[in-house]
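Got the viewer open? Here's a short walk through the model, one selection at a time.

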Amino acid sequence: MTIKPLIILPDPILRQVSRPIETIDGEVKKLADDMLETMYDAPGIGLAAIQIGVARRMLVLDVSKDGEDKKPLVFINPEIVTASDARSVYEEGCLSIPDYYAEVERPASITVRHLDREGKEQVTEAEGLLATCLQHEIDHLNGVLFIDHISKLKREMVIRKFTKAAKMRGSKAL
């Protein structure tokens with residue numbers, strides 16, 4: 001397994017819409033393993049493939065608590081098929097927007113249809129942190145960031161801050 005470098009805002013790669021995965025082969029499984037390794041190293045609880053520069057519809061997550069055994073999950077071609085009318089608010093952060101957090105309101109529970117690491121179709125019912133994390137990562141697959149769910153003023157401030165930091169580093173992402 002290999003820890004991959006994370007794509008950081010304002011890199012335009014984060015706004016790409018990811019393509020479906022047609023075949024689950026050794027390369028896709030290695031990508032899942034690398035993504036999990038990268039997520040755990042960051043450390044984070046979720047990671048979409050686009051966050052390491054791979055525009056494919058796959059995400060990994062692990063919402064187990066500190067001290068619990070790891071429970072890594074792989075979602076290939078995830079699709080939200082139902083979302084509750086009830087809403088919940090969580091303070092979200094993102095590995096691609098380091099050290100910035102904001103409260104985001106999303107559906108409190110969702111149902112996601114997806115393929116697992118072995119290519120078997122699954123349906124996952126999620127609520128609480130798992131539902132929030134899944135929605136956050138599925139947004140990434142659609143080129144949407146969690147800051148798109150906050151006020152325009154706050155979003156513009158965050159983008160300006162990260163653009164300035166990228167210029168200071170001499171980033172080519174601009």
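Start with proline 10, in the segment before helix H1 (26–41). One thing to keep in mind as you click around: this is a predicted model. Now look at the bond leading into that proline: the peptide bond from leucine 9 to proline 10 is cis, with omega near 15°.

Follow the chain through H1 and stop at proline 43, in the loop between H1 and strand E1 (46–48). Here you'll find another cis peptide bond, joining alanine 42 and proline 43, with omega at about -10°.

Next, colour the strands of the open sheet. There are 5 of them, in the order E1-E2-E3-E6-E7, and the pairing is antiparallel. Which strands stand at the edges? They are E1 and strand E7 (121–127); each has a single partner strand, so one side of each is left without a neighbour in the sheet. Tilt the view and you can check the twist: on average, neighbouring strands of this sheet are turned by 40° against each other, direction ignored.

Zoom in on E3 and strand E6 (residues 109–115). These two run antiparallel and are joined by 5 bridges. To see one facing pair, select alanine 83, which stands opposite isoleucine 110 in E6. As a reminder, strands of a sheet pair through backbone hydrogen bonds, either parallel or antiparallel.

Now bring the helices back. H1 lies across E1, strand E2 (58–61) and E3, and runs at about 40° to E2. Then pick helix H2 (residues 128–141): this helix lies across E1, E2, E3, E6 and E7, running at about 150° to E2.

Time for some backbone oddities. Select asparagine 77, in strand E3 (residues 73–83). Its phi is near 50°, a positive value in a residue other than glycine. Asparagine 77 is partly exposed, with a relative accessible area of 21%.

Then jump to aspartate 99, in strand E5. This residue isn't a glycine either, yet its phi is positive, at about 65°. Is aspartate 99 buried or exposed? Its relative accessibility is 65%, so it counts as exposed.

From there, step back to serine 96, in the loop between strand E4 (87–94) and strand E5 (97–107). Serine 96 has 0% relative accessibility, so it counts as buried. Show side chains and look for its polar partner: a polar contact of 3.1 Å joins the side chains of serine 96 and glutamine 51. Leaving aside residues up to four places away in sequence, serine 96 touches Ile7, Ile8, Leu9, Leu14 and Gln51. Leu9 may ring a bell, since leucine 9 is on one side of the cis bond to proline 10.

Last stop: the cysteines. How many disulfides does a search of the whole structure find? The count is 0. Select cysteine 94 and ask why its sulfur has no bond to another cysteine sulfur. The closest cysteine sulfur, in cysteine 133, is 10 Å away, which is too far for a bond. Turn it around and the story holds: cysteine 133 is in no disulfide, with the sulfur of cysteine 94 as its nearest cysteine sulfur at 10 Å. As for accessibility, cysteine 94 counts as buried at 11%, and cysteine 133 counts as buried at 6%.

Note on methods: Residues are numbered from 1 along each chain as its sequence is written. This is a predicted model: local features need pLDDT of at least 70, side-chain atom pairs count only at pLDDT 80 or more; totals for chains, interfaces and linings use all residues. Side-chain values use heavy atoms; hydrogens and water are left out. Helices (H or I, at least four residues) and strands (E, at least two) are DSSP runs, numbered from the N terminus. Buried means under 20% relative accessible area, exposed over 50%, partly exposed in between (1.4 Å probe, protein chains only). A polar contact is a pair of N or O atoms within 3.5 Å; within protein, one must be able to donate a hydrogen and the other to accept it, and residues adjacent in sequence count only if both atoms are side-chain atoms. Contact means heavy atoms within 4.5 Å. Two strands pair if DSSP finds at least two bridges between them. Axes are lines fitted to C-alpha atoms, for helices over the stretch in contact, and angles run from 0 to 180 degrees between N-to-C directions. A disulfide is a pair of cysteine sulfur atoms within 2.5 Å.
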